[in-house]
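This report looks at two binding sites in turn, beginning with the metal site and then moving to the surroundings of a bound ligand.

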Amino acid sequence: MWRNIARFSKAAGRTGGSRRCLTTAIPGPCIVHKRGSDILHDPWFNKDTGFPLTERDRLGLRGLLPPRIISFEQQYDRFIESFRSLERNTLGQPDNVVSLAKWRILNRLHDRNETLYYRVLIDNIKDFAPIIYTPTVGLVCQNYSGLYRRPRGMYFSAKDKGEMMSMIYNWPAHQVDMIVITDGSRILGLGDLGVQGIGIPIGKLDMYVAAAGINPQRVLPIMLDVGTNNQKLLQNPLYLGLRQSRMEGDEYLEIIDEFMEAAFTRWPKAVVQFEDFQAKWAFETLDRYRKKFCMFNDDVQGTAGVALAGLLGTVRAQGRPLSDFVNQKIVVVGAGSAGLGVTKTAVQAVARMAGISFAEATKNFYLIDKDGLVTTERSKLDPVVVPFAKNPAEIREGASIVEVVKTVRPHVLLGLSGVGGIFNEEVLKAMRESDSCKPAIFAMSNPTLNAECTAADAFKHAGESIVFGSGSPFENVQLENGNVGHVNQANNMYLFPGIGLGTLLSGARIVTDGMLLAAAECLASYMTDEEVQKGILYPSINNIRHITAEVGAAVLRAAVSDDIVEGHGDVGPRDLSHMSKEETVDYITRNMWFPIYSPLVHEK
Ligand SMILES: NC(=O)c1ccc[n+]([C@@H]2O[C@H](COP(=O)([O-])OP(=O)(O)OC[C@H]3O[C@@H](n4cnc5c(N)ncnc54)[C@H](O)[C@@H]3O)[C@@H](O)[C@H]2O)c1
Ligand SMILES: O=C(O)C[C@H](O)C(=O)O
Ligand SMILES: [Mg+2]
């Protein structure tokens with residue numbers, strides 16, 4: 001249960017992983033300026049029953065706590081025991097009830113004691129990621145107005161126009177490193193959840209702390225409430241957001257422009273991750289800001305890198321050289337922010353590998369949206385889709401998934417449609433006729449009920465030799481041939497923490513294509529041939545800090561190659577550019593915050 005304390009404490013000491021220190025480079029104890037119950041009610045500083053006697057004396061805590069001092073290790077074990085007891089007591093209850101109960105117990109700890117919260121999260125990431133992140137976070141967002149107890153993050157609404165520059169100074173932390181922002185318009189595959197979408201930036205930033213060691217005092221979840229078109233929410237008397245339909249056009253852009261100016265005025269070195277915006281705004285804002293601010297869109301760019309790593313892994317799993325990627329026939333179902341991001345990046349990779357033009361490289365890609373196969377025959381074709389539209393002479397306009405699969409016999413079927421079960425028995429059985437001996441099925445939509453198929457159905461209907469990936473976690477599948485059907489979690493969580501951390505520590509003011517490609521290539525080469533041949537394309541989430549360090553280093557080194565590093569803290573651009581690969585990984589690792597209780601008063 002209580003793992004690696006000595007090792008991690010040492011690492012945290014080295015990096016100054018203190019609760020209070022605002023910069024990870026400054027070692028030694030820091031002073032808290034609050035006193036008494038203000039400290040107990042501040043989750044950044046609170047140690048609950050763990051305050052030592054000196055701190056109780058000098059911070060005015062005597063008498064405010066039971067006399068016995070409980071160690072961090074005991075607090076940790078006590079929490080894990082309550083969690084396990086909750087699991088036992090909810091056995092047999094409906095999944096949603098159990099998931100929300102688990103989220104509540106973690107959320108209460110988050111609200112009370114962040115050090116302990118992040119410690120249990122980091123040490124138990126495989127068990128807890130599905131609660132604070134996909135899939136449970138989706139359920140939390142759907143019910144957020146009812147679950148809401150305490151504020152977390154900041155809310156900027158359409159009513160705040162003209163006020164944002166002063167509002168941003170209401171945030172209590174002096175320094176912010178990572179911001180995740182959503183407008184709630186496309187939360188996972190659950191649609192427009194308005195202000196309730198705030199759960200997503202909170203969950204993503206929890207992953208930043210757990211996976212990338214971003215100091216939790218320096219993260220900021222943002223909800224940009226520009227209204228909602230979700231009628232059910234608008235009619236709900238408890239709905240916490242603006243009761244108006246979504247702003248559109250220039251009015252919308254003015255709001256988001258104002259926020260970006262305000263955020264970067266106060267924190268010029270922050271990195272902003274855009275998350276779960278509906279496709280049109282995802283693309284428009286990426287285009288509008290990527291050369292001006294240090295930002296990226298996780299759904300478009302993070303997902304593309306994770307999918308590319310999965311696609312390259314699939315080629316290796318077939319026992320073929322990577323160069324064979326150019327011959328893979330790939331059907332992508334879903335032509336939104338994620339599907340288009342993936343298709344574009346994969347086509348670019350083919351073009352680069354084969355030394356051909358982007359247009360030529362689209363030959364083996366088939367894009368399907370809610371109206372079926374996209375061809376040039378379609379009227380009012382969205383300009384972003386045009387490059388991937390097929391000639392209707394090859395397959396008819398609007399052909400269904402099963403028709404396309406039967407005609408193309410693809411090596412890969414990849415879903416980013418948000419439509420649960422759309423890879424039905426017929427579609428999966430059609431994949432048995434794939435031209436590949438080891439076809440891949442990626443059901444990447446979230447949360448679980450929105451996955452295009454389950455892992456069990458994929459192995460059952462498409463055959464036991466497939467490679468399988470899903471956006472939300474599924475259990476591995478016991479196959480009839482005695483083997484285990486491995487489930488890969490093809491989720492952007494493998495990349496966004498490293499993209500954010502690598503960018504932050506490079507001091508780059510933009511995120512370039514080179515940095516994103518380096519992240520994807522790093523993930524793609526992370527697994528050994530032996531693992532990949534077993535169908536294991538991505539590492540275990542238990543190694544997420546190590547993966548993030550490697551990805552972060554790759555991103556930082558790409559920023560050096562692009563000549564855009566400005567350095568971070570005491571480490572200047574020249575230092576960064578002289579670091580070897582190993583030194584860069586070490587530098588990234590040393591800058592990861594790690595949760596331990598550190599002194600809140602100077603020792604005499
Ligand atoms: N695994 C990951 O890391 C990851 C990353 C990003 C997004 N996603 C998931 O991908 C899904 C889509 O996200 P998005 O941002 O692209 O959404 P989006 O709304 O921008 O796009 C959805 C696309 O699916 C198409 N579609 C809808 N119904 C369809 C149907 N019946 N048949 C075929 N296509 C259909 C739509 O036409 C649209 O092109 C969501 O569920 C999201 O959770 C997963
Ligand atoms: O949030 C996730 O789990 C992945 C992705 O960003 C999504 O929108 O589904
Ligand atoms: Mg997302």
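## The metal site

In this predicted model, Asp 276 counts as buried because its relative accessible area is 1%, which falls under the 20% cut-off. Glu 275 is likewise buried, with a relative accessible area of 1%.

Both residues belong to the coordination of the magnesium ion (ligand 3), to which Glu 275 contributes through OE, while Asp 276 and Asp 299 contribute through OD, at 2.0 to 2.1 Å. Along the chain, the donors of this magnesium ion follow the spacing E-D-x22-D.

## The shell around ligand 1

Ligand 1 is surrounded by 27 residues, of which the closest are Arg 186, Ala 335, Ser 337, Ala 490 and Asn 492. Sorted by character, the residues of this shell divide into 13 polar, 10 nonpolar and four charged.

At least two residues of the shell come from each of helix 15 (298–317) and helix 16 (337–354), and helix 16 provides the largest share, with three residues.

## Backbone contacts and burial of ligand 1

Asn 492, one of the closest residues, places a backbone N or O atom 2.8 Å from an oxygen atom of ligand 1. A polar backbone atom of Lys 370 lies 3.1 Å from an oxygen atom of ligand 1, and for a polar backbone atom of Asn 446 the corresponding distance to an oxygen atom of the ligand is 3.2 Å. Taken alone, ligand 1 would expose 860 Å², and the protein buries 84% of that area.

Terms used: Residues numbered from 1 in each chain as written. Chains lettered and ligands numbered in written order. Predicted model: local features only at pLDDT ≥ 70, side-chain atom pairs only at ≥ 80, totals over all residues. Heavy atoms only, no water. Near = heavy atom within 4 Å. Polar contact = N/O pair within 3.5 Å; in protein donor to acceptor, adjacent residues only side chain to side chain. Areas by Shrake-Rupley, 256 points an atom, 1.4 Å probe, with all protein chains shown as cover. Helix = DSSP H or I, 4+ residues; strand = E, 2+ residues; numbered from the N terminus. Nonpolar A, V, L, I, M, F, W, Y, C, P; charged D, E, K, R; others polar. Donors = N, O, S within 2.8 Å, 3.2 Å for Na, K, Ca; no water. Buried < 20%, exposed > 50% of the residue type's maximum accessible area, 1.4 Å probe, protein only.
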